[in-house]
Amino acid sequence: MPMLKIFVGTMYGGALDVAEQVKPLFEEAGYEVAIFDQPTLEDLTGSATDLALFCVSTTGSGDYPGNFVPFVRELDEQSPSLTSLRYGLIALGDSSYGDTFCGAGRSLDELLAGQGAVRLGERLEVDAMETFMADDAALPWAEEWIESQQLKVA
């Protein structure tokens, strides 16, 4: 059974809620799913990751949530080759912050691409100004992502 790892960067639990809500969709599609809410680079590179999903909130002025900072720092400093990594990204933000809207998700996307990882499909950007519950946007996106990227294995 292929492994989907969901990496969560969250401040108040919204991104973790999204991860927990989309998990059953991937299990139904045939994946073993692990959620990492205190992720480390070892979680990503230490064992097989057939597919990764990043659920990342943006804090402050486009910053990563505190629980995600060590992961990003390790990724940036160690610069591992991620050419075999296929991933999706759900970025949570608030458009009232203007240019820094979903800044953490956008920065992570650039960082992963710079290490050779391949994003499948479009990044989902959830705006707290328009969507009160982020999973209201994330669930349909995840269903479409599984379908459009032909990720179903079961």
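Which residues does L53 touch, leaving aside those up to four places away in sequence? Some notes on that and on the surroundings, bearing in mind that this is a predicted model.

1. Start with L53 itself. Its contacts take in L4, K5, I6 and F7, then V22 and F26, then G88, L89 and I90, and finally W141 and W145, with residues up to four places away in sequence not counted.

2. Now the core around it. The largest nonpolar core has 28 residues, and the members touching the most others are I6, F26, L53 and I90. At least two residues apiece come from the strands β1 (3–9), β3 (51–57), β4 (86–93) and β6 (124–127), and likewise from the helices α1 (14–28) and α5 (135–148). The top contributor is α1, which puts in 7 residues.

3. Don't stop at that one, though. There is a second core, separate from the largest, made up of 24 residues; F71, V72, F101 and L112 are among them.

4. On to the pocket. The largest one comes out at about 500 Å³ in volume. It is lined by 26 residues, and S57, T58, L92, G93 and A128 sit closest to its centre.

5. Who builds the lining? Two or more residues each are given by α1, β4 and β6, with α1 providing the largest share, 3 residues. So to speak of α1 is to speak of both sites: it also gives the most to the largest core.

6. As for chemistry, the pocket lining splits into 12 nonpolar, 10 polar and 4 charged residues.

Note on methods. Residues are numbered from 1 along each chain as its sequence is written. This is a predicted model: local features need pLDDT of at least 70, side-chain atom pairs count only at pLDDT 80 or more; totals for chains, interfaces and linings use all residues. Side-chain values use heavy atoms; hydrogens and water are left out. A nonpolar core is a set of buried Ala, Val, Leu, Ile, Met, Phe, Trp, Tyr and Cys residues joined through side-chain atoms within 4.5 Å. Buried means under 20% relative accessible area, exposed over 50%, partly exposed in between (1.4 Å probe, protein chains only). Helices (H or I, at least four residues) and strands (E, at least two) are DSSP runs, numbered from the N terminus. Contact means heavy atoms within 4.5 Å. On a 1 Å grid over the protein atoms alone, a cavity is a set of points where a 1.4 Å probe fits but cannot get out, and a pocket is an open set with protein on both sides within 12 Å along at least five of seven lines; lining residues have an atom within 4 Å of a point. Grid points are joined across faces, edges and corners, and a volume is the space filled by probe spheres set on the points. Ala, Val, Leu, Ile, Met, Phe, Trp, Tyr, Cys and Pro count as nonpolar, Asp, Glu, Lys and Arg as charged, and the others, Gly among them, as polar.
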